[in-house]
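Here is a short note for a colleague opening this structure for the first time. Please read the points with the structure in view.

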Amino acid sequence: MSFINGLYNEFYEKYENRDNIHMFFSPGRVNLIGEHLDYNGGYVFPCALNFGTNMLISLRKDKKARFYSTNYSSKGIIEFDITNIKYNKSHGWVNYLKGVILEIIYKGKKIDRGFDVLVSGNIPNGSGLSSSASLEVVMGIAINNCFNLNMSMVSIVKLSQKAENKFIGVNCGIMDQFAVGMGKKDRAILLNCNTLKYEYTKLKLKNIDLIILNTNKKRGLVDSKYNDRRSECELALETIRKIKNIKNLTDMDEREFEKIKYIIKDETIRKRAKHVVYENSRVLKAVNELNDNNIAEFGQLMNYSHLSLKNDYEVTGLELDTLVELAWKHNGVLGARMTGGGFGGCTVNLVKSKDVDSFIEFVSSRYEKIIGYEPSVYKCKIGDGAKEIKQRMN
């Protein structure tokens with residue numbers, strides 16, 4: 001039985017409603033370089049992955065919205081009325097979808113019927129590969145298509161971010177949802193998070209594989225120090241504005257920052273600002289190196305990025321640092337760094353194709369000895385952004 005057939009059969013088992021079922025897909029994403037810059041108005045360089053979240057949806061005749069996930073089967077079907085959408089802690093993952101539905105309604109769009117939904121994803125939760133953004137965007141495009149709302153993908157991206165900020169309470173920037181919605185096969189996106197101007201860059205990874213390693217340390221962004229870092233950056237910006245008229249920390253280059261950093265008396269706040277300014281410059285240098293086919297130099301900038309995230313931004317931790325430092329010891333690795341919010345989650349590694357197997361064995365075995373359990377390994381391809389899957393059950 002094919003994967004798609006399996007999802008349809010599961011939908012039939014859970015719901016009596018079998019009319020006009022639509023299927024949608026939204027990928028995970030990995031950020032190659034440019035961490036914690038999206039909420040600082042800087043440049044980021046993410047790409048969509050070839051795995052993510054699948055959603056089957058069928059409209060109902062009443063106002064009930066019902067949700068079931070193969071990933072949380074023990075929770076059963078979660079139900080609510082679309083005329084009374086409220087945050088409910090016991091509804092867990094469904095709250096991300098509620099937030100998106102509510103933002104669509106706030107835009108004045110008409111959602112006059114309920115729906116049955118089945119979700120199945122293979123993005124590890126809490127890994128830093130944007131399982132939440134993938135959920136949000138797939139809900140957005142499903143509602144948009146099923147109700148013929150004619151919203152653009154950028155509009156869906158924006159309201160998905162707003163849902164996570166306001167309904168969930170995570171002050172994330174726009175990068176995750178943008179990469180998930182706007183991704184293209186074999187392309188990374190150079191995105192200016194202040195203006196939302198973007199351009200696609202072809203990933204010329206000849207004889208090089210993109211390997212993601214999951215620390216398997218769970219972390220939730222709401223419970224982590226993610227929001228603290230955002231507040232620290234806002235404090236740094238407020239301080240610098242006393243002597244320099246800027247909108248974002250990323251409006252400065254390294255030389256400008258070094259001239260005026262004295263104004264920030266608190267060493268911790270100064271280090272946070274330093275990471276943001278220097279990382280923003282690294283992104284632009286990295287894209288130039290990639291365009292010139294200098295993969296080794298691109299990888300070196302990834303390494304510098306991790307060191308900055310460890311020493312200046314302090315969002316790594318034992319598990320992430322262990323994975324990255326082990327990767328740096330392997331001859332087949334061109335670059336390695338943490339990716340995502342940090343405090344656990346994943347690393348992204350550029351590895352020579354001929355060395356992938358030895359790399360995985362080398363890092364996994366040593367990580368297990370140090371941490372006590374193995375990392376998970378994902379051999380990734382760069383895929384398309386969110387879309388409807390036209391293929392039907394056979």
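1. Start with the loop between β9 (208-214) and α6, where N216 lies. The model is predicted. In it, N216 has a positive phi of about 65 degrees, yet this residue is not a glycine. Most residues other than glycine have a negative phi. N216 counts as partly exposed because its relative accessible area is 31%.

2. A second residue with a positive phi is worth a look. F343 is not a glycine either, and its phi is about 60 degrees. Find F343 in the loop between β10 (333-339) and β11 (346-352). Is F343 buried or exposed? With a relative accessible area of 16%, F343 is buried.

3. Next, helix α6, which spans residues 226-240. R230 and E234 both sit in this helix, four residues apart, or about one turn. Their side chains form a salt bridge, with 3.9 Å from N to O. That N to O value falls within the 4 Å cut-off, so the pair counts. The two partners differ in cover: R230 is buried, at 19% relative accessible area, whereas E234 is partly exposed, at 45%.

4. Stay in helix α6 for E232. E232 counts as buried, because its relative accessibility is 17% and the limit is 20%. Which residues does E232 touch, beyond its neighbours within four places in sequence? The contacts are I269 and R272.

5. Now the salt bridges as a whole. The count comes to 27. Side chains of opposite charge can pair when their charged atoms come close. One of these bridges joins D116 and R66, whose closest N and O atoms are 2.9 Å apart. This pair links distant parts of the chain: D116 belongs to strand β6 (residues 115-121) and R66 to strand β4 (residues 64-69), 50 residues apart. Both D116 and R66 are buried.

6. The D116 and R66 pair has company. A network of salt bridges links E16, R60, D62, R66 and D116. Trace these five residues together on the structure.

7. Compare a bridge between K354 and D355. Their closest N and O atoms are 3.2 Å apart. K354 is exposed, with a relative accessible area of 69%. D355 is buried, at 15%.

8. On to the nonpolar interior. In soluble globular proteins, nonpolar side chains tend to be buried together. Here the largest nonpolar core has 106 residues. Its members with the most contacts inside it are V30, L32, F45, F67, F115, M139 and L249. Which helix gives this core its largest share? Helix α3 (residues 131-146) does, with nine residues.

9. V30 makes a good place to look inside that core. Leaving out residues up to four places away in sequence, V30 touches P46, C47, L49, L129, L210, I212, T339 and V348. Apart from this core lies another, of 16 residues. I211, A327, V333 and F359 are among them.

10. Some nonpolar side chains are on the surface. Y304, L307 and W328 form a nonpolar patch there. Together they have about 270 Å² of accessible area. L307 is part of helix α9 (residues 295-311). L307 counts as partly exposed, because its relative accessibility is 34%.

11. Last, the cysteines. How many disulfides does the structure hold? Zero. Two cases show why. The sulfur of C172 has its closest cysteine sulfur in C193, 11 Å away, which is too far for a bond. The sulfur of C233 also has its closest cysteine sulfur in C193, at 13 Å, again too far for a bond. Both values can be set against the 2.5 Å limit for a pair of cysteine sulfur atoms. As for cover, C172 is buried, with a relative accessible area of 4%. C233 is buried too, at 2% relative accessibility.

Notes. Residues numbered from 1 in each chain as written. Predicted model: local features only at pLDDT ≥ 70, side-chain atom pairs only at ≥ 80, totals over all residues. Heavy atoms only, no water. Core = buried A, V, L, I, M, F, W, Y, C linked by side-chain atoms within 4.5 Å. Buried < 20%, exposed > 50% of the residue type's maximum accessible area, 1.4 Å probe, protein only. Helix = DSSP H or I, 4+ residues; strand = E, 2+ residues; numbered from the N terminus. Contact = heavy atoms within 4.5 Å. Patch = residues over 30% accessible without salt bridge, like charges linked within 9 Å, V, L, I, M, F, W, Y side chains within 5 Å. Areas by Shrake-Rupley, 256 points an atom, 1.4 Å probe, with all protein chains shown as cover.
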